[in-house]
Amino acid sequence: MYHLNISILLCVILTVIVVWLIAHLLKIYRHLNEFPTNPFVPIFGHVFDYVNPHKTLITLTDNLYEYGGTIRQYLGPKKPSLITANKNFLQFLCNNNKYICKSVFYKFLKPWLGEGLVTSDGQKWLSRRRALTSCFTQSTVLKDFVGVFDEKSESLIGSLSIKGEGSINLHPIMKQLTLDIICETAMGVSRNPQESSKDGIYSSSIETLCEVIQNRMTSAWKIHDFCFRFSRDYFREKSALAVVDGMFDLIVQKKLEKTSVKGEKKTMLDLLMEITIDGKPLSRDDLREEINTFMFAGYDTTSTAMSLAVYEIARHPDVQAKLYEEQRTIFSKGDVQVSYEKLEKMSYLQMVILETLRLHTIISFIGKRVKKDLFYDGKKIPALLNIVVFIHGFHHNSDYFPNPYEFTPERFSSKNKIDEFTYMPFGVKPRQCLGKNFAMLEMKCVLSKIIRNFEVMEVPERPLKLEPKLVLFSSSGIWISVKKRAKWLER
């Protein structure tokens, strides 16, 4: 009799759990049902769309295009989010920006980037954004860095010359270059040759952090802090953070040990140390947040973008010929020093860079969250809803960019007007990347130097295998071959 009662009680409990689960699923699957969705697996939702990272971007783009540009998405048995690549919906969000904040998913970045510009919201973000804007956008500040770009680019030419005419995985070399540039311009610290062995550790740590964060964003269970602590990714993140924070401490220590010279050009760290917000200077944690942000944005994203630009130049000889001719009109024999003014004249090179950033969207997603109920096109956008702005989907929508998978730099010629709500490689206003002008000058300088010194060629047997790891990443490397050009001839 006792065992019978226990069995009945267990059956009742199991029944209650099943009924509750069914009711819960019915409730969440009716949530946002005014928006379409592509097929999904009950309970798991759309998790399986992310199983093969090499197909994720194409799958999401195709789904959005097929279902009208904005769809609801389920990751596990929880309320859905919206994912959009529709310019009208994005414009609606931007017009209601005072009711929009950062997506809840940005909390996954905070162990790394703290409460800096990328992750903060509200008054803290606004006051810090205003304070930092002059550091990153003044032409007088940026001009001081062009000499560093040129000097470090020369070392790249030496590295490529040593490699010879065989196949070269360009990405690791570009990472060393951008790390050199960031250390010099942001912190005023030149790295010793003996420290080059640490590059691989730092680089792999950044990749690990990007991968862990991407995994958490697309996992049905790692999204929860409690569950995440029992995963292997938790310990991988801890180890990677120790390396990244160690790099910051090393840089600050070198900066403090270095004797300042009167008239010496200021670095980003110098400018950050001079900033006051509400009469108070930035704390060491504040500096850590912004320096880690700048190191990440100026190192990983820029090295990837430049590597992919060279890759596309190698694949398109007609584009390379136009670039070379443009360089010949700007530089003459004996006058090969790069200057701010010369970089500003490189209009076709700028088109190539912009098209690279469209075709290969370095940051594929950004996240937003609604703070109050809003209504769009007769549909309710409920408070606390997370919305993913799928930038890759915008950049590969044939309604916005005809033949979106073709590399066509002329899309960005001055006669063509590009809609800011369809092209956003540096994010969406008012939170566009502050380092945009810095990055564009750096990329122009480096690519100009490569084009003038080498003919670059593709390596067909080494295709890209792209996947989103917070930043776009090629698991197969980014391969080219080079051929030294004849001496620069005067026109």
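How many aromatic pairs does the count come to? In this predicted model, the count comes to 17 aromatic pairs. The tour below visits two of these pairs, then an aromatic cluster, the nonpolar cores, one helix and two charged side chains.

**Aromatic pairs**

Select Phe394 and Tyr400. These two residues form a stacked aromatic pair, with 6.3 Å from centre to centre and 15° between the planes. Colour them by relative accessibility: Phe394 counts as buried because its value is 0%, whereas Tyr400, with a relative accessible area of 21%, is partly exposed. The cut-off explains the second label, since buried means under 20%.

Next, select Phe412 and Tyr423. Their ring centres are 4.7 Å apart and their planes stand at 55°, so this pair is tilted. Phe412 and Tyr423 are 11 residues apart, and each lies in the loop between α16 (391-395) and α17. Both residues are buried.

**An aromatic cluster**

Display the side chains of Phe145, Phe149, Phe294 and Phe438, which form one aromatic cluster. Keep Phe438 selected, because it reappears at the next stop as one of the residues with the most contacts inside the largest nonpolar core.

**The nonpolar cores**

The largest nonpolar core has 128 residues. Besides Phe438, the residues with the most contacts inside this core are Trp112, Met174, Met295, Ile450 and Val456. Now select residues 284-315, helix α12, which gives the most to this core, with 14 residues.

A second, separate core has 13 residues, among them Ile100, Ile381, Leu385 and Ile387.

Return to Trp112 and show its surroundings. With neighbours within four places in sequence left aside, Trp112 is in contact with Ile206, Leu209, Cys210, Ile213, Leu241, Val244, Asn292, Phe296 and Leu470.

**Helix α17**

Select residues 436-453, which make up helix α17. This helix has 18 residues, and the distance from its first C-alpha to its last is 26 Å, close to the 26 Å expected at 1.5 Å a residue. A surface rendering is useful here: α17 is mostly covered, with 16 of its 18 residues buried.

**Charges over rings**

Two arginine side chains complete the tour. Select Arg216 together with Phe228: the charged end of Arg216 sits over the ring of Phe228, 3.9 Å from the ring centre. Then select Arg462 together with Trp479, where the charged end of Arg462 sits over the ring of Trp479, 3.9 Å from its centre.

How values were computed: Residues numbered from 1 in each chain as written. Predicted model: local features only at pLDDT ≥ 70, side-chain atom pairs only at ≥ 80, totals over all residues. Heavy atoms only, no water. Helix = DSSP H or I, 4+ residues; strand = E, 2+ residues; numbered from the N terminus. Expected span 1.5 Å × (residues − 1). Buried < 20%, exposed > 50% of the residue type's maximum accessible area, 1.4 Å probe, protein only. Core = buried A, V, L, I, M, F, W, Y, C linked by side-chain atoms within 4.5 Å. Contact = heavy atoms within 4.5 Å. Phe/Tyr/Trp six-rings, centres within 6.5 Å; stacked < 30°, edge-to-face > 60°. Lys NZ or Arg CZ within 6 Å of the ring centre and 35° of its normal.
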